[in-house]
Amino acid sequence: AYERRFPTCPLIPMFVASDTVNEYKSEDGAIHVIERRCKLDIDAPRLLKKIAGVDYVYFVQKNSLNRRERTLHIEAYNETFSNRVIINEHCCYTVHPDNEDWTCFEQSASLDIKSFFGFESTVEKIAMKQYTSNIKKGKEIIEYYLKQLEEEGITFVPRWTPPVACKLESSTSHTRRPVSPAINIPDSATKEGLNNKENLNTSSSPSEPTAGTPDDKLDADYIKRYLGDLTPMQESCLIRLRQWLQETHKGKIPKDEHILRFLRARDFNIDKAREILCQSLTWRKQHQVDYILDTWNPPQVLQDYYAGGWHHHDKDGRPLYVLRLGQMDTKGLVRALGEEALLRYVLSINEEGLRRCEENTKVFGRPISSWTCLVDLEGLNMRHLWRPGVKALLRIIEVVEANYPETLGRLLILRAPRVFPVLWTLVSPFIDDNTRKKFLIYAGNDYQGPGGLLDYIDKEIIPDFLGGECMCEVPEGGLVPKSLYRTAEELENEDIKLWTETIYQSASVFKGAPHEVLIQIVDASSVITWDFDVCKGDIVFNIFHSKRAPQPPKKDSLGAHSITSPGGNNVQLIDKVWQLGRDYSMVESPLICKEGESVQGSHVTRWPGFYILQWKFHSMPACATTNLPRVDDVLASLQVSSHKCKVMYYTEVIGSEDFRGSMTSLESSHSGFSQLSAATTSSSQSHSSSMISR
């Protein structure tokens, strides 16, 4: 049955073709080894394929059948991009030790992504998605070919016997060994991908939805009015899952409409829907999401600068949400609010969407369970690809996908600029396939033509900024003032804790006590990137290199000043006895950064070893004409507080190949706004670039 999937298998669409490379058969017929080169059409974003320069991916698969031991071993590894990505997979069919009429199946795989043009996380997501899909279809495919064999009259294959034994048996009457009756194994006793005890004569799986009994019925008018068209099978699934929740789940039971969303998201597979629904209910209870609309008031910054809001409804009666993403200062919002508040705001939008769906169901007299989102990308440019902002966006997408399935009815993306494919390549692997099918993307003014906005939204409610006549009260966004930025510590002290990871770190810099960060580089030509804000005072930014590791970091006691640092860290790595030029060297010219500036930059390393990023207190120079200190400097030096600076920073190391081939390298993700860029410094000698925005 397994061999029937070659040379190609219609049940695996991405499996395009295969060619036999090597084949071996033992003389006694017990061993059969065949090696094939398989051609796969991976479901990856087209832009990623274009960057990688390939349309298909090739794998080598080696199948070793041992009839004597009754085992089939399958080994596979990738041939394409083997210097960047290493994939190994091993599958094994064996006889179960407790029942020789059962086949035991084991499967394992490993994935090691060394580098992939800056899209490592995207490739990992795609690989995991493909692998999970293959595991889930494995049993379905083998059963398909077993059924095909049965239809051809092949229900029994004699076991292999040595050639001599065969000759002896030919002179005597051969009696076939009786076969044990088939035993059905409940799905709950199996685990996908590991020790699947698979009865080869199994009938339909117990977890497959079956039509309910005549007693398991919902009122037809109720279904038509609130749930929509349901087959008897789907109706039965809803009743069974709801009944299970009532019996086992403590606390608030979700409404039928919400349960139905999770069932639809898993194609009415009760076990899978129950799993994700239970996880979501636990999450909602843990974070009090049910009460978010009544207990949480969005900060004023969000109300002023988050360019999104609800705007009437589309032609199908779905609530319409408008988001002017191109006008939003993503970096400013993250800096002023933190990821926690942004996530909570997005959750409140989704909760409001659920409420509006219920209201529209009553108003229009038909079930409305999802909303339409209109995203205007006018103004989107490379500053929106600021790496920490994209990471925050991906985390938000994951939370929303897990807890609000089947709530997006349609997504209209308008005025997509040339930079949009880059953002789409990063984001799309994190979006469910069913959700992606609901996306409609329009470049330029295409939305005004046939098949455009008028097909989905009445002319009377098209927003004014899209050429319509309806005034849209969505905030216009704009730059978030830097005076509203807050430190990581201030954000951490907030009560909102939907995740704990903080992108930025905060550091205090004192006169005589710089803050230093150690970065170990193994491969030469790696790229160190940084992004920091000078929150207080003036500092000097340096980069040093040393062949030997400095001593473990020590917190500075700040000597005679005895100043504690409640709001930031202060770590020093360079030993007092080290000499510049002997123990360590400066690889960048010092960069003076003033209070309120944002600095982004990169440095391509020339040597492996230890690199130290240093933020140092900047002392005001003496008066050039008299060599005497200025009055302002003397007054400032009398104030201890003037000897303290504060920075918020984020650093990352990118492989050299990834950096040069990546569209999200620092060169294209400067967080400063082009109209505000005051200066850009670069050093071709050290292959570095920095940018300051005031």
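Two strands are said to pair if DSSP finds at least two bridges between them, and this term runs through the legends below, which describe close-up views of a predicted model.

**View 1. Strands E8 and E9 pair within an open sheet of five strands.** Strand E8 and strand E9, the latter spanning residues 319-323, run antiparallel to one another and are joined over four bridges. One position to look for in this pairing is Pro319 of E9, which is the bridge partner of His313. The sheet to which these strands belong is open, with the order E8-E9-E10-E11-E12 and mixed pairing. Its edges are formed by strand E8 (308-313) and strand E12 (439-443), each of which pairs on one side only. From one strand to the next, the twist averages 20°. Helix H10 packs on this sheet, where it touches E8, E9 and strand E10 (371-376), and the direction of H10 makes about 10° with that of E8.

**View 2. Helix H6 is mostly covered by its surroundings.** Helix H6 takes in residues 256-265, and eight of its ten residues are buried. The buried residues of H6 are Asp256, His258, Ile259, Leu260, Arg261, Phe262, Leu263 and Ala265. Their cover includes several other helices, among them helix H4 (220-227), helix H5 (232-248) and helix H7 (270-286). Helix H10 (330-364), which also packs on the sheet of View 1, is included in the cover of H6 as well, as are helix H11 (387-403) and helix H13 (433-436). After H6 comes Asp267, a residue whose phi is positive, near 50°.

**View 3. The side chain of Gln107, in strand E6, makes a polar contact with that of Glu89.** Gln107 lies in strand E6, which covers residues 103-113. Because its relative accessibility is 13%, below the 20% under which a residue is called buried, Gln107 counts as buried. The polar contact that joins the side chains of Gln107 and Glu89 has a length of 2.8 Å.

**View 4. Cys92 is a buried cysteine that takes part in no disulfide.** A search of the whole structure finds zero disulfides. For Cys92, the nearest cysteine sulfur is that of Cys104, at 7.8 Å, and this distance cannot count as a disulfide because the two sulfur atoms would have to lie within 2.5 Å. Cys92 itself has a relative accessible area of 8%, and is therefore buried.

**View 5. Strand E23 pairs with both strand E13 and strand E15.** Strand E23 comprises residues 644-654 and is mostly covered, with nine of its eleven residues buried. Strand E13 (residues 505-510) runs antiparallel to E23 and is joined to it by six bridges, with Cys645 of E23 as the bridge partner of Val509. Strand E15 (residues 527-536) also pairs with E23 in the antiparallel sense, in this case over nine bridges, and here Val647 of E23 is the bridge partner of Val534.

**View 6. Two stretches of the chain have pLDDT below 50.** Across the chain the mean pLDDT is 76, and 76% of the residues reach 70 or more. Over residues 495-502 the pLDDT stays under 50, and for this stretch the model has 24 contacts beyond four places in sequence. The pLDDT is also below 50 over residues 622-641, a stretch with 15 contacts in the model beyond near neighbours in sequence.

Conventions:
Residues numbered from 1 in each chain as written. Predicted model: local features only at pLDDT ≥ 70, side-chain atom pairs only at ≥ 80, totals over all residues. Heavy atoms only, no water. Buried < 20%, exposed > 50% of the residue type's maximum accessible area, 1.4 Å probe, protein only. Helix = DSSP H or I, 4+ residues; strand = E, 2+ residues; numbered from the N terminus. Contact = heavy atoms within 4.5 Å. Axes fitted to C-alpha atoms, helices over the stretch in contact; angles between N-to-C directions. Polar contact = N/O pair within 3.5 Å; in protein donor to acceptor, adjacent residues only side chain to side chain. pLDDT = per-residue confidence, 0-100.
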